[in-house]
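Here is a short report on one protein model. Please read it alongside the sequence and the 3D view.

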Amino acid sequence: MLLYILVMNQFPCSFLRARDQKEVTGMNKYELAVVVSARIEDEERAAVVDKCKALIERFGGVITEVDEWGKKRLAYEIQKMKEGFYYFIRFDAEATAPIEIESRVRIMDNVIRYLIVRQDEVQSESEK
């Protein structure tokens with residue numbers, strides 16, 4: 001017991017941690033992919049994208065780029081729809097933000113599919 005107290009006083013806890021663990025510091029880069037229904041008007045579709053952007057900013061995110069791919073054919077039929085509008089929103093945010101954003105995008109009307117991916121993970125997978 002005495003040895004444990006001596007070791008803890010001499011070495012900081014971060015030194016005793018496993019080397020494989022990553023420390024969560026600062027902002028991470030994320031990409032939100034959203035497929036919006038093709039059945040709605042342009043104004044409604046723009047409102048859905050604006051609402052997604054507002055959610056990102058609400059939870060401390062900083063939007064870096066919005067990429068609109070336009071109307072594309074879906075790989076399979078979803079809710080009797082064969083086409084949807086694709087949007088990719090890149091942003092920087094804390095590690096807790098994607099969970100909050102996903103929970104709200106999940107219940108949004110006119111969003112067919114969504115996915116948030118951390119960019120660092122995507123880049124390391126493509127390098128392999």
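## Terms and overall layout

Helices (H or I, at least four residues) and strands (E, at least two) are DSSP runs, numbered from the N terminus. The model described here is predicted. It contains 5 helices and 4 strands. Along the sequence, these elements follow the pattern α-α-β-α-β-β-α-β-α.

The protein has 128 residues, and 30% of them count as buried. It exposes about 9,300 Å². Carbon and sulfur atoms supply 51% of that area. Consider contacts between residues at least 6 apart in sequence: 72% of them join residues at least 24 apart.

## Nonpolar cores

The largest nonpolar core has 21 residues. The residues with the most contacts inside it are Leu-32, Val-36, Cys-52, Phe-91, Ile-101, Val-105 and Met-108. Which elements give two or more residues to this core? They are strands β1 (28–37), β3 (81–93) and β4 (111–118), with helices α3 (42–58) and α4 (97–105). Apart from this core lies another, of 7 residues. Val-35, Leu-74, Tyr-86 and Ile-112 are among its members.

Ile-101 shows how the largest core is joined up. Leaving out residues up to four places away in sequence, Ile-101 touches Leu-55, Ile-56, Phe-59, Phe-91 and Ile-116.

## Ile-99 on helix α4

Ile-99 is also part of helix α4. Is Ile-99 buried or exposed? Its relative accessibility is 61%, so Ile-99 counts as exposed, the cut-off being over 50%. The C-alpha atoms of Ile-99 and Ile-116 are separated by 9.0 Å. Along the chain, these two residues are 17 residues apart.

Helix α4 also holds a charged pair. The side chains of Glu-100 and Arg-104 meet in a salt bridge, with 2.8 Å from N to O. The two are separated by about one helical turn, because they sit 4 residues apart in helix α4. Glu-100 is partly exposed at 32% relative accessibility. Arg-104 is partly exposed at 27%.

## The β2–β3 hairpin

Strands β2 and β3 pair in the antiparallel sense over 11 bridges. One bridge joins Glu-68 to its partner Tyr-87 in β3. The hairpin has 2 residues between the strands. In this hairpin, Gln-79 takes a positive phi near 50°.

A salt bridge also links the two strands. Arg-90 pairs with Glu-65, the closest N and O atoms being 3.3 Å apart. Arg-90 lies in strand β3 and Glu-65 in strand β2 (residues 62–78), so the pair ties together parts that are 25 residues apart in sequence. Arg-90 is partly exposed at 24% relative accessibility, and Glu-65 is partly exposed at 38%. Both residues belong to a salt-bridge network with Glu-31.

## Salt bridges across β1 and β3

How many salt bridges does the structure hold? The count is 7. Side chains of opposite charge can pair when their charged atoms come close.

One of these bridges joins Asp-92 and Lys-29, with the closest N and O atoms 3.9 Å apart. Asp-92 lies in strand β3 and Lys-29 in strand β1, so this bridge ties together parts that are 63 residues apart in sequence. Asp-92 is buried, with a relative accessible area of 18%. Lys-29 is partly exposed at 45%.

## Asn-28, a buried polar residue

Asn-28 is found in strand β1. With a relative accessible area of 9%, Asn-28 is buried, the cut-off being under 20%.

Which side chains make polar contacts with the side chain of Asn-28? One is Tyr-30, at 3.2 Å. Another is Arg-118, at 3.5 Å. Setting aside neighbours within four places in sequence, Asn-28 is in contact with Phe-91, Asp-92, Ala-93, Ala-95 and Arg-118. Among these, Phe-91 is one of the residues with the most contacts inside the largest core, and Asp-92 is the salt-bridge partner of Lys-29.

Technical notes. Residues are numbered from 1 along each chain as its sequence is written. This is a predicted model: local features need pLDDT of at least 70, side-chain atom pairs count only at pLDDT 80 or more; totals for chains, interfaces and linings use all residues. Side-chain values use heavy atoms; hydrogens and water are left out. A nonpolar core is a set of buried Ala, Val, Leu, Ile, Met, Phe, Trp, Tyr and Cys residues joined through side-chain atoms within 4.5 Å. Buried means under 20% relative accessible area, exposed over 50%, partly exposed in between (1.4 Å probe, protein chains only). Contact means heavy atoms within 4.5 Å. A polar contact is a pair of N or O atoms within 3.5 Å; within protein, one must be able to donate a hydrogen and the other to accept it, and residues adjacent in sequence count only if both atoms are side-chain atoms. A salt bridge is a side-chain nitrogen of Lys or Arg within 4 Å of a carboxyl oxygen of Asp or Glu. Accessible areas come from the Shrake-Rupley method with a 1.4 Å probe; for residues, only the protein chains shown count as cover. Two strands pair if DSSP finds at least two bridges between them.
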